[in-house]
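Please look over the model below before reading on. The briefing then takes its parts topic by topic.

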Amino acid sequence: MSKILIIEDEESIRRVLNKVLMQDDKSYSITEAVDGLDGISKINSSKFELILCDIKMPKKDGIEVLKHILTECPNTPTIMISGHGDLETAVESMRLGAFDYISKPPDLNRLLNSVRSALLNKNFVKKGKSKSRNSSDFNIIGKSEAITNIQKMIDKVSLTNAKVLIQGPNGSGKELVAHQIHMNSLRNSAPFIEVNCAAIPSELIESELFGHVKGAFTSAVKDKAGKFEAANGGTIFLDEIGDMSMSAQSKVLRALQENKIQRVGSERDLIVDVRVIAATNKNLRKEIQENNFREDLFHRLAVIEIDVPSLNKRLSDIPLLVEHFLKDISKSSDHQLKTIDKDGLDQLKKYNWTGNVRELRNVIERLIILSDGKKISKKDVIKYSNK
């Protein structure tokens with residue numbers, strides 16, 4: 001059981017965070033604090049495996065709370081929650097030692113990925129191995145030719161240390177491919193660390209990846225390990241790597257070439273044993289031509305290339321995906337298990353799925369909540385799919 005503390009003065013945000021976390025893992029034990037002072041009081045009276053903390057709060061703001069956490073329980077990962085106007089403060093919090101930050105309104109997929117990574121990394125440090133997860137937790141649903149070929153490729157590359165570049169549109173399931181490769185590899189008892197390169201400001205990405213030493217910049221009050229160190233012995237997943245700055249690209253290239261990194265502000269080399277899996281929704285060959293991506297880094301990353309198709313190119317998988325989502329969503333949210341009739345499925349196949357599998361899942365969740373009866377009809381699909 002993982003004990004999680006949510007420090008947030010907005011009741012609606014606390015409610016959303018609580019609900020989403022419990023749907024993801026019912027074993028979480030969640031405590032709520034209504035402001036910074038209340039959060040500090042709860043931190044002093046109990047131990048937590050993870051803390052989610054808002055930045056702007058009454059009585060004590062998030063930075064004050066974070067400094068207290070770093071003093072009293074420095075090994076407890078903290079994810080900061082920032083409003084649109086708090087970007088500089090969010091960057092400051094990560095330089096101080098926060099594990100990650102999430103912008104409001106929270107991207108729920110990113111939130112869950114960050115929570116899982118934080119707990120996984122903490123558990124690895126604490127027990128010497130990662131939280132046990134089944135590869136079935138990350139199954140890729142489908143029997144189309146494209147999905148069958150991807151599964152075959154995963155089986156071939158998982159037991160190697162080859163670097164993998166996963167390409168495909170947003171929402172198509174690139175992260176599932178990365179998880180499958182890691183869980184089927186010999187590194188599956190070590191950390192799987194995810195980094196969303198598009199979500200981290202360019203001025204912070206190097207510190208986030210490689211860490212920094214005390215005094216490296218104004219707010220670097222203590223040494224901080226980066227994600228490459230956290231992933232040592234395991235796998236680092238560089239999502240949306242096409243959005244990484246050229247400066248960071250050069251340092252990632254060195255890490256791949258020499259298995260060495262340097263923390264920001266240090267000249268000392270650190271040896272790391274990390275398998276790198278990268279993903280992008282961009283055409284990196286085109287980005288190379290436009291001088292936005294290093295060609296030498298591309299060739300280092302793309303030892304194995306896996307292309308994940310859009311949902312529009314695998315419409316035959318929709319029935320299996322729908323069946324999976326109906327069961328999964330009903331189970332995780334305690335809704336009545338529903339089925340869908342053939343006409344409803346046929347209607348779903350007619351739509352243009354610009355948001356891919358992620359969009360389909362959202363539609364199924366909406367249908368479960370809004371449709372009447374035990375069976376979802378074509379009429380329900382037309383009415384509630386917003387297509």
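What follows covers an open sheet, a buried strand and two asparagines with an uncommon backbone angle. The model is predicted. In one sheet, 5 strands are arranged in the order 2-1-3-4-5. Strand 8, residues 235–239, is mostly covered. Asparagine 291 and asparagine 386 each show a positive phi.

**The open sheet**

- The sheet is open, and its strands pair in parallel.
- Strand 2 (29–33) and strand 5 (100–103) form the edges. Each has a single partner strand, so one side of each lacks a neighbour in the sheet.
- Neighbouring strands in this sheet are turned by 20° against each other on average, direction ignored.
- Strand 4 covers residues 78–82 and pairs with strand 5 in the parallel sense. The pairing runs over 4 bridges.
- Within that pairing, serine 82 has serine 103 of strand 5 as its bridge partner.

**Helix 1 over the strands**

- Helix 1 spans residues 11–24.
- Helix 1 lies across strand 1 (3–7), strand 2, strand 3 (50–54) and strand 4.
- The angle between helix 1 and strand 2 is about 175°.

**Strand 8 and its partners**

- Is strand 8 mostly covered or mostly exposed? Mostly covered: 5 of its 5 residues are buried, the cut-off being under 20% relative accessible area.
- Thr235, Phe237 and Asp239 point one way from strand 8. Ile236 and Leu238 point the other way. Residues on both faces of strand 8 are buried.
- Strand 7 (residues 192–196) runs parallel to strand 8, joined by 5 bridges. Asparagine 196 has aspartate 239 in strand 8 as its bridge partner.
- Strand 11 (residues 275–280) also pairs with strand 8 in the parallel sense, over 4 bridges. Here threonine 235 stands opposite arginine 275 of strand 11.

**Two asparagines with positive phi**

- Most residues other than glycine have a negative phi.
- Asparagine 291 is not a glycine, yet has a positive phi of about 60°. Where does asparagine 291 sit? Its place is the loop between helix 11 (284–289) and helix 12 (295–301).
- Asparagine 291 has 63% relative accessibility, so it counts as exposed; the cut-off is over 50%.
- Asparagine 386 is likewise not a glycine and has a positive phi of about 60°. Asparagine 386 is found in the segment after helix 16 (378–384).
- The relative accessible area of asparagine 386 is 62%, so this residue is exposed as well.

Conventions. Residues are numbered from 1 along each chain as its sequence is written. This is a predicted model: local features need pLDDT of at least 70, side-chain atom pairs count only at pLDDT 80 or more; totals for chains, interfaces and linings use all residues. Side-chain values use heavy atoms; hydrogens and water are left out. Two strands pair if DSSP finds at least two bridges between them. Axes are lines fitted to C-alpha atoms, for helices over the stretch in contact, and angles run from 0 to 180 degrees between N-to-C directions. Contact means heavy atoms within 4.5 Å. Buried means under 20% relative accessible area, exposed over 50%, partly exposed in between (1.4 Å probe, protein chains only).
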